[in-house]
Amino acid sequence: MQYKVEGGNLPVLKVYLEQGEFVQCEAGAMAWMDDEIEMQTSAGGLGKMLGRMLTKENAFMNTYYAKSAGEIAFASKFPGSIQAIEVTPGNGVIVQKGSYLASVGEINSEVFMQKKLGKGLFGGEGFLMRKFTGNGIVFLEVDGSAHEYEIAAGDCKIVDTGYVAAMSENCNMEVRTVKGVGNVLFGGEGLFNTVVHGPGKVTLQSMPIASTALQLYEYMPHSSN
């Protein structure tokens with residue numbers, strides 16, 4: 001299996017499969033493919049199907065097999081970047097809901113729940129995230145550009161809500177209230193920050209789609225009724 005990402009800020013993931021190789025994705029994620037590629041749709045069990053629905057992802061998964069060598073492409077739904085994350089036993093990745101694009105290899109997916117409900121209500125990244133384990137490569141859609149940081153044990157990265165795209169399964173996340181009434185009222189950063197604790201790697205995104213939607217909404221005409 002070989003892959004490449006092309007298209008700049010409107011990226012497309014192109015995966016070249018040899019005969020017998022396969023790639024998985026959510027139903028509807030495929031953009032185009034060669035005639036040598038064959039699709040099979042499955043839910044992967046009721047539990048996994050419900051888990052994907054809880055994180056607002058498609059309930060069904062597609063597996064594309066190569067009858068003979070051919071190419072399949074997946075396009076990003078939002079301007080940004082596509083990141084390939086290698087997953088190995090003991091080195092899984094936790095990602096924000098909606099960012100999964102495709103995967104190759106023996107990859108398992110499950111719902112990852114924050115320990116406290118407050119994190120889900122105010123953390124930006126959401127109460128439910130997705131955790132990928134196994135052995136292979138997971139391809140993620142990142143809103144804007146991707147920025148990776150290695151966080152040492154005992155250290156942390158403070159992030160505005162919505163900017164965390166993914167983190168190593170060894171990382172821990174919490175939501176911290178912004179201190180000081182003046183900071184909350186006039187700081188322009190909201191009431192809460194997301195804090196990611198090491199050890200592990202965190203991937204931050206420069207243009208969260210939710211924040212971008214709010215900015216665009218301010219410029220849209222609104223009815224007076």
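**Exercise 1. An open sheet**

Work out the strand order of the open sheet of 3 strands in this predicted model, and find which strands stand at its edges.

*Solution.* Start with the order, which reads β13-β16-β15, with antiparallel pairing. Next, look at the ends of that order: β13 (156–160) and β15 (172–177) each have a single partner strand, so one side of each is left without a neighbour in the sheet. Finally, add the geometry: on average, neighbouring strands here are turned by 30° against each other, direction ignored. As a reminder, strands of a sheet pair through backbone hydrogen bonds, either parallel or antiparallel.

**Exercise 2. One pair of strands**

Now zoom in on β15 and β16: how many bridges join them, and which residue does Met173 stand opposite?

*Solution.* First, place β16 at residues 192–197. Then count the bridges to β15: there are 6, and the two strands run antiparallel. Last, follow Met173 across to β16, where Val196 stands opposite.

**Exercise 3. Just past β16**

Find the residue that a cis peptide bond joins to Gly198, and say where in the fold that partner is found.

*Solution.* Check omega for the bond between Gly198 and Pro199: the angle is about 10°, and the bond is cis. For context, most peptide bonds are trans. Then locate Pro199, which is found in the loop between β16 and β17 (200–205).

**Exercise 4. Ser168**

Is Ser168 buried or exposed, and which residues beyond its sequence neighbours is Ser168 in contact with?

*Solution.* Begin with the element: Ser168 is found in strand β14, residues 164–168. Its relative accessibility is 19%, and because buried means under 20%, Ser168 counts as buried. Now set aside the neighbours within four places in sequence; the contacts are then Gly92, Ile94, Gly200 and Lys201.

**Exercise 5. Ala27**

Place Ala27 in the fold, and give the separation of its C-alpha atom from that of Gln40.

*Solution.* Ala27 has its place in the loop between β3 (22–26) and β4 (30–33). Its relative accessibility of 23% falls between the cut-offs of 20% and 50%, so Ala27 counts as partly exposed. For the distance, Ala27 and Gln40 are 13 residues apart along the chain, and their C-alpha atoms are separated by 9.9 Å.

**Exercise 6. A surface patch**

Which residues make the nonpolar surface patch of about 240 Å²?

*Solution.* The patch is made by Met1, Tyr3 and Val5. Take Tyr3 as the example: this residue is found in strand β1, residues 2–6. With 38% relative accessibility, Tyr3 counts as partly exposed.

Notes
Residues numbered from 1 in each chain as written. Predicted model: local features only at pLDDT ≥ 70, side-chain atom pairs only at ≥ 80, totals over all residues. Heavy atoms only, no water. Patch = residues over 30% accessible without salt bridge, like charges linked within 9 Å, V, L, I, M, F, W, Y side chains within 5 Å. Areas by Shrake-Rupley, 256 points an atom, 1.4 Å probe, with all protein chains shown as cover. Salt bridge = Lys/Arg side-chain N within 4 Å of Asp/Glu carboxyl O. Helix = DSSP H or I, 4+ residues; strand = E, 2+ residues; numbered from the N terminus. Buried < 20%, exposed > 50% of the residue type's maximum accessible area, 1.4 Å probe, protein only. Pairing = 2+ DSSP bridges. Axes fitted to C-alpha atoms, helices over the stretch in contact; angles between N-to-C directions. Contact = heavy atoms within 4.5 Å.
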